[in-house]
Amino acid sequence: MKIATYNVNGVNGRLQVLLRWLNEATPDIVCLQELKAPPEKFPASAIKDAGYKAIWHGQKSWNGVAILARNEEPKEICRALPGDPEDLHSRYIEASVANMVVGCLYLPNGNPAPGPKFDYKLAWFERLTKHAAGLFKSGKPVVLTGDYNVMPTELDVYKPERWVDDALFRPESRAAFKKLVSQGWTDAIRKLYPDQKIYTFWDYFRNAYGRDAGLRIDHLLLSPHVAKRLVAAGVDRHVRGWEKSSDHAPVWIEVANSK
DNA sequence: ATGCCGTGGAAACCACGA
């Protein structure tokens, strides 16, 4: 069972890249972020033709998340994080699929920091952490994945000293990620590759991809039941080099089938 | 050191991203 996360940076603008990658990688479950499309503009039929059933939470221009699955319709559990009815950003969707709970998230960027956007990021992080605690306690197999907009450690940034004041790397953001993970979640990439420089995002400019000036900000957090079954993980970084690519690359895990 | 690129939407510029 292969589970992937991919910030597509515009699901319609990147549709050909997305379809090409789906066809090549054949993941079983896919979490997408930054659809940048209202619900009615989600390319459902193209994705269906590619072999995937999907649920999505779209929004005009910004944000937007979706969960795709082969052979099975993801059964929606919720499409917002509890805790703030005023928050209308489409940044979270959760489904039951393949006997797991899959949470797909697009955590706020938070720049400029400090400021209201950074406050929103930290508040959103708090809500996520609270929600995650409930999921964790449920004892169910859970995958909490998406664009966390946080580099957890210095190993996850090409030039840490340049990012210390950035919302993605500030101590508050790193502490929030650490607090979440310390509930007992497993960061899949770091579990298998504790010391390797691994990135999931490269800026469009300054030839960031060519220089490998990247960040690791897309993560898959696994509950103990799923972590036990983890057999492989990786980043499809070559996809970032494709024409019309997103600035993120897909990240995936392979888990053994549950018995 | 910096949105230098890129998207979507509105209206030939703006907001937003990491």
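Let me begin with strand 7 and strand 8, which run parallel to each other and are joined by six bridges; strands here, like helices, are DSSP runs numbered from the N terminus, with at least two residues (E) for a strand and at least four (H or I) for a helix. Within that pair, Gly103 stands opposite Leu144 of strand 8. Before I go on, please keep in mind that this is a predicted model, in which local features need pLDDT of at least 70 and side-chain atom pairs count only at pLDDT 80 or more, while totals for chains, interfaces and linings use all residues. Residues are numbered from 1 along each chain as its sequence is written, and chains are lettered from A and ligands numbered from 1 in the order in which they are written.

For anyone new to sheets, strands pair through backbone hydrogen bonds, either parallel or antiparallel. In this talk two strands count as paired if DSSP finds at least two bridges between them.

Strands 7 and 8 belong to an open sheet of six strands, whose order is 5-6-7-8-12-9 and whose pairing is mixed. Strand 5 (75–78) and strand 9 (186–187) stand at the edges of that sheet with a single partner strand each, so one side of each has no neighbour in the sheet. On the other flank of strand 7 (residues 100–106) we find strand 6 (residues 92–97), which runs antiparallel to strand 7 and is joined to it by six bridges; here Ala95 has Val102 as its bridge partner.

How many residues of strand 8 (residues 142–147) are buried? Six of the six are, so strand 8 is largely enclosed by the rest of the structure. By buried I mean that 20 or more other C-beta atoms, placed from the backbone, lie within 10 Å of the residue's own, whereas 12 or fewer make a residue exposed and the values in between make it partly exposed.

Strand 12 (residues 218–222), in the same sheet order, contains Leu222. Leu222 counts as buried because it has 26 C-beta neighbours inside 10 Å. If we set aside residues up to four places away in sequence, Leu222 touches Val143, Trp185, Thr186, Ala188, Ala227 and Leu230, where contact means C-beta atoms, placed from the backbone, within 7 Å.

Now to the other sheet, which is also open, has six strands in the order 3-4-2-1-14-13, and is mixed in its pairing. Its edges are strand 3 (52–57) and strand 13 (230–235), each with a single partner strand, so each has one side left without a neighbour in the sheet. Strand 4 (residues 65–70) is mostly covered, with five of its six residues buried. Strand 4 pairs in the antiparallel sense with strand 3 over six bridges, and it is joined by five bridges to strand 2 (residues 29–33), again antiparallel. Ala54 stands opposite Leu68 of strand 4, while Cys31 has Ile67 as its bridge partner there. Further along, four bridges join strand 1 (residues 2–7) to strand 14 (residues 251–255), running antiparallel, and Ile3 stands opposite Ile253.

Ile67 leads us to the interior. The largest nonpolar core has 73 residues, and those with the most contacts inside it include Ile67, Leu68, Val102 and Val143; such a core is a set of buried Ala, Val, Leu, Ile, Met, Phe, Trp, Tyr and Cys residues joined through C-beta atoms within 7 Å. Beyond its neighbours within four places in sequence, Ile67 is in contact with residues including Cys31, Ala54, Ala95 and Val102.

Next, the DNA. Which residues are closest to DNA strand B? They are Gly10, Gly13, Lys36, Asn111 and Phe205, among 24 residues that surround it, a residue being near if its C-beta atom, placed from the backbone, lies within 6 Å.

Asn111 also takes part in a cis peptide bond, to Pro112, with omega near -5 degrees. A second cis bond runs from Ala113 to Pro114, with omega near 0 degrees. Pro112 is found in the loop between strand 7 and helix 3 (116–137), and Pro114 is in the loop between strand 7 and helix 3 as well.

Finally, consider two positive phi values. Ala98, in the loop between strand 6 and strand 7, has a phi of about 55 degrees although it is not a glycine, and Ala98 counts as buried because it has 20 C-beta neighbours inside 10 Å. Asp212, whose phi is near 55 degrees, lies in the loop between helix 7 (208–211) and strand 11 (214–215), and counts as exposed because it has 12 such neighbours.

Terms used:
Contact = placed C-beta atoms within 7 Å.
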